[in-house]
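Me: Please take a close look at a single part of this structure, then follow its connections outward. Keep the sentences short and give the cut-offs.

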Amino acid sequence: MALFWSDVKTEPKRRFRFELSFSSRNGDQQGQIPVWTVKTAAKPKASVTTIKHTYIDHEFNYPGRVTWEPISVTLVDPVDPDLSYAFLDVLGVAGYKYPTTAGISKASLSKKGFKDAIGSVFIKQLDADGKPVEEWELKNPMITSVDFGGDLSYESDDMAEITVEITFDWANLTRYGGNRTNKSAAGG
């Protein structure tokens with residue numbers, strides 16, 4: 001029996017081969033968020049809650065709900081396109097307005113607004129040829145935190161970055177490549 005890693009057709013998924021995209025923000029319009037600005041992205045994480053039942057001196061666990069944890073994405077903030085503007089625009093399209101008048105101050109965020117503002121979020125892992133190996137689609141994503149770059153410093157020549165937290169209802173996984181057909185997990 002040959003060793004698993006000695007087979008040249010066996011290749012692990014690599015952490016640096018990925019793209020993250022916001023489907024409503026990838027065009028040439030003002031407020032775009034191009035894939036090349038993404039520096040790091042967390043993959044989805046699901047947790048299962050447990051319900052404990054105690055009987056005399058024994059404890060039994062039963063599965064509860066599946067919850068999806070928010071992901072964090074760090075992007076480099078170029079001058080053009082201006083991602084600070086893009087993420088403020090996302091909040092504006094989602095329903096946030098500066099409270100400059102009594103009427104405008106009644107506006108608020110909505111789930112539909114976020115769907116219109118960012119569409120879906122896709123995380124693709126790629127193979128050595130740049131073809132997708134797997135693709136996660138975050139369903140009903142919302143931006144729940146934006147850090148517009150942290151501290152500025154005269155002593156640093158680092159690039160400015162924006163960190164965004166994305167909360168979503170669930171994630172759908174599609175596999176590609178090899179002898180597999182496109183298939184979604186969890187009944188998707």
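**Q125 and its surroundings**

Reply: Q125 is found in strand β6 (strands are DSSP runs of E, at least two residues; helices are runs of H or I, at least four; both are numbered from the N terminus). This is a predicted model, in which local features need pLDDT of at least 70, side-chain atom pairs need 80 or more, and totals for chains, interfaces and linings use all residues. Numbering starts from 1 along each chain as its sequence is written, and side-chain values rest on heavy atoms, without hydrogens or water.

Is Q125 buried or exposed? It is buried, with a relative accessible area of 8% (buried is under 20%, exposed over 50%, partly exposed in between; 1.4 Å probe, protein chains only). What does Q125 touch? Leaving out residues up to four places away in sequence, its contacts are K13, R14, R17, F18, K43, K131, P132, V133 and E134 (contact: heavy atoms within 4.5 Å). Three of these are worth following: R17, K43 and E134.

Start with R17. This residue sits in the segment before β1, which spans 18-22. R17 is buried too, at 16% relative accessible area. Beyond four places in sequence, R17 touches E11, K124, Q125, L126, D127 and A128. With E11, the link is a polar contact between side chains, at 2.4 Å (N or O atoms within 3.5 Å; within protein, one must be able to donate a hydrogen and the other to accept it, and residues adjacent in sequence count only if both atoms are side-chain atoms). K131, another contact of Q125, lies 114 residues from R17 in sequence, yet their C-alpha atoms are 9.8 Å apart.

Now K43. Its side chain makes a polar contact of 2.5 Å with the side chain of Q125. K43 is partly exposed, at 38% relative accessibility. The side chain of K43 also meets that of E134 in a salt bridge, 2.8 Å from N to O (a Lys or Arg side-chain nitrogen within 4 Å of an Asp or Glu carboxyl oxygen). This pair joins distant parts of the chain, 91 residues apart: K43 is in the loop between β2 and β3, and E134 is in strand β7, residues 132-139. E134 is buried, with a relative accessible area of 3%.

How many salt bridges does the whole structure hold? The search finds 9. One of them pairs K52 with E59, where the closest N and O atoms are 3.6 Å apart. K52 is exposed at 52%, and E59 is partly exposed at 49%. Another joins the side chains of K111 and D169 at 2.7 Å, N to O. Here too the partners come from distant parts of the chain, 58 residues apart: K111 is in helix α2 (111-118), D169 in the loop between β9 and β10 (170-175). Both ends are partly exposed: K111 at 43%, D169 at 31%. Back beside Q125, shared partners join K13, K43 and E134 into one salt-bridge network.

β6 also leads to the nonpolar core. The largest such core has 27 residues (buried Ala, Val, Leu, Ile, Met, Phe, Trp, Tyr and Cys, joined through side-chain atoms within 4.5 Å). F22, L75, F87, I143 and I166 have the most contacts inside it. β6 (121-126) supplies at least two core residues, as do β1, β5, α1, α2, β7, β9 and β10. The largest share, 6 residues, is from α1. F22, outside its neighbours within four places in sequence, is in contact with I33, F87, I118, S120, V121, I143 and I166.

Next, the sheet. Four strands form an open antiparallel sheet in the order β2-β5-β9-β8 (strands pair if DSSP finds at least two bridges between them). β2 (38-41) and β8 (142-147) are the edges; each has a single partner strand, so one side of each has no neighbour in the sheet. β8 and β9 (161-167) run antiparallel, joined by 5 bridges. Within that pair, M142 stands opposite T167. Helix α1 (83-94) packs on this sheet and touches β5, β8 and β9.

Last, the hairpin. β3 (46-55) and β4 (58-68) pair antiparallel over 9 bridges. V48 has V66 of β4 as its bridge partner. Between the two strands lie 2 residues, and I56 in the turn has a positive phi of about 50°.

Key
Axes are lines fitted to C-alpha atoms, for helices over the stretch in contact, and angles run from 0 to 180 degrees between N-to-C directions.
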